Amino acid sequence: MTEREEQPRVVIRDKRRIDPTTGEVRAPAGEQPAGARPRPDLPGEQMSEHETPAAEQPAPQAAAGDGGDLAQQLSERTEDLQRVTAEYANYRRRVDRDRTLVVDQAAERFAAQLFPIVDDIERARDHGDLTGAFKVVGDRVLGLLDGLGVEAFGKAGDAFDPSLHEAVMHDTSAEVSVPTASTVLRQGFRRGDRVLRTAMVAVTEPENPAPAQEPAAAQPSGDGAGAPASD
């Protein structure tokens with residue numbers, strides 16, 4: 001024996017399943033953990049020609065049920081968007097209609113307050129007193145009505161219309177063939193198709209109104225019925 005005998009080599013194998021350093025589960029000797037990529041630098045671990053690196057493997061496709069859920073959600077969101085858009089459009093129309101109505105009502109109320117002043121101006125015009133500064137004021141008041149879109153109506157000789165005229169006097173004349181507004185006592189006013197005040201008139205009716213047409217007499221039938229019998 002030599003002076004220094006060779007000591008036997010001691011091999012310690014760590015068979016613990018849990019790595020005390022990283023806390024990960026160790027794979028048994030000779031096995032690769034699931035999904036682990038083989039290391040070609042280690043002996044005995046060569047990549048087969050049928051294996052594909054994890055980075056190059058295609059991502060798993062969504063299941064058919066997931067696609068159906070996405071389509072349903074998209075359809076629901078589209079319906080919600082369409083409903084909100086329709087509600088907003090209706091709201092805008094209501095707001096515009098209400099705004100127009102408020103403006104029209106305000107204009108009509110203001111115009112109605114000017115009607116008595118316009119009546120005084122027209123009476124002064126008829127008597128020849130609309131001159132000087134008074135004429136300037138009168139023209140400005142009439143200009144306010146024009147700016148509001150209000151126009152006067154009712155002239156002598158117009159055919160009587162119950163929707164436009166208020167009859168306060170009646171007479172007859174052979175010179176007219178239909179009821180006629182012979183005298184206008186007060187002008188009427190309208191704004192567009194809306195009548196704000198009817199015209200006060202005296203109505204002249206025909207002296208001899210045309211008789212109502214009678215229905216045509218029944219014609220005798222072609223078979224000789226009703227004809228006098230021959231001897």
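**Entry 1. Thr 204**

In which strand is Thr 204 found? I located Thr 204 in β7, the strand that covers residues 199–206. I note at the outset that the model is a predicted one.

I then asked whether Thr 204 is buried or exposed. The relative accessible area of Thr 204 is 6%. Because the cut-off for a buried residue is under 20%, I entered Thr 204 as buried.

Next I looked up the polar contacts of the Thr 204 side chain. One joins the side chain of Thr 204 to that of Asp 171, at 2.7 Å. Another, at 2.8 Å, joins the side chains of Thr 204 and Ser 182.

Which residues is Thr 204 in contact with, once neighbours within four places in sequence are left aside? I listed Asp 171, Thr 172, Ser 173, Val 176, Val 178, Pro 179, Thr 180 and Ser 182.

**Entry 2. Ser 182**

I followed the contact from Thr 204 to its partner. Ser 182 is found in β4, which spans residues 180–186. With a relative accessible area of 33%, Ser 182 is partly exposed, whereas Thr 204 is buried. I checked the polar contact from this end as well: the side chain of Ser 182 meets that of Thr 204 at 2.8 Å.

Leaving aside neighbours within four places in sequence, I found Ser 182 in contact with Ala 156, Ala 202, Val 203 and Thr 204. For Ala 202 I also looked up the backbone separation. Ser 182 and Ala 202 lie 20 residues apart along the chain, and their C-alpha atoms are separated by 5.8 Å.

**Entry 3. The sheet**

What is the strand order of the open four-stranded sheet? I recorded β2-β4-β7-β3, with mixed pairing. The strands β2 (158–159) and β3 (165–173) are at the edges. Each has a single partner strand, so one side of each is without a neighbour in the sheet.

I examined the pairing of β3 with β7 separately. These two strands run parallel and are joined by eight bridges. One residue pair I noted is Ser 173 with Pro 206, its bridge partner in β7. Ser 173 is also among the residues in contact with Thr 204.

**Entry 4. Nonpolar cores**

Which residues make up the largest nonpolar core? I counted ten: Ala 111, Leu 114, Phe 115, Val 118, Ile 121, Leu 130, Val 141, Leu 145, Val 150 and Phe 189. Both α1 (64–126) and α2 (132–147) supply at least two residues of this core. The largest share, five residues, comes from α1.

I also found a second core, separate from the one above and made of six residues, including Phe 153, Ala 181, Val 201 and Val 203. Val 203 appeared earlier as a contact of Ser 182.

**Entry 5. The chain as a whole**

I closed with the overall figures. The protein chain has two helices and seven strands. Read from the N terminus, its elements run α-α-β-β-β-β-β-β-β. Of its 231 residues, 14% count as buried; Thr 204 is one of the buried residues.

The accessible surface comes to about 19000 Å², and carbon and sulfur atoms account for 53% of that surface. Finally, I looked up the sequence range of the contacts. Among those between residues at least 6 apart in sequence, 60% join residues at least 24 apart.

Notes
Residues numbered from 1 in each chain as written. Predicted model: local features only at pLDDT ≥ 70, side-chain atom pairs only at ≥ 80, totals over all residues. Heavy atoms only, no water. Buried < 20%, exposed > 50% of the residue type's maximum accessible area, 1.4 Å probe, protein only. Contact = heavy atoms within 4.5 Å. Areas by Shrake-Rupley, 256 points an atom, 1.4 Å probe, with all protein chains shown as cover. Core = buried A, V, L, I, M, F, W, Y, C linked by side-chain atoms within 4.5 Å. Polar contact = N/O pair within 3.5 Å; in protein donor to acceptor, adjacent residues only side chain to side chain. Pairing = 2+ DSSP bridges.
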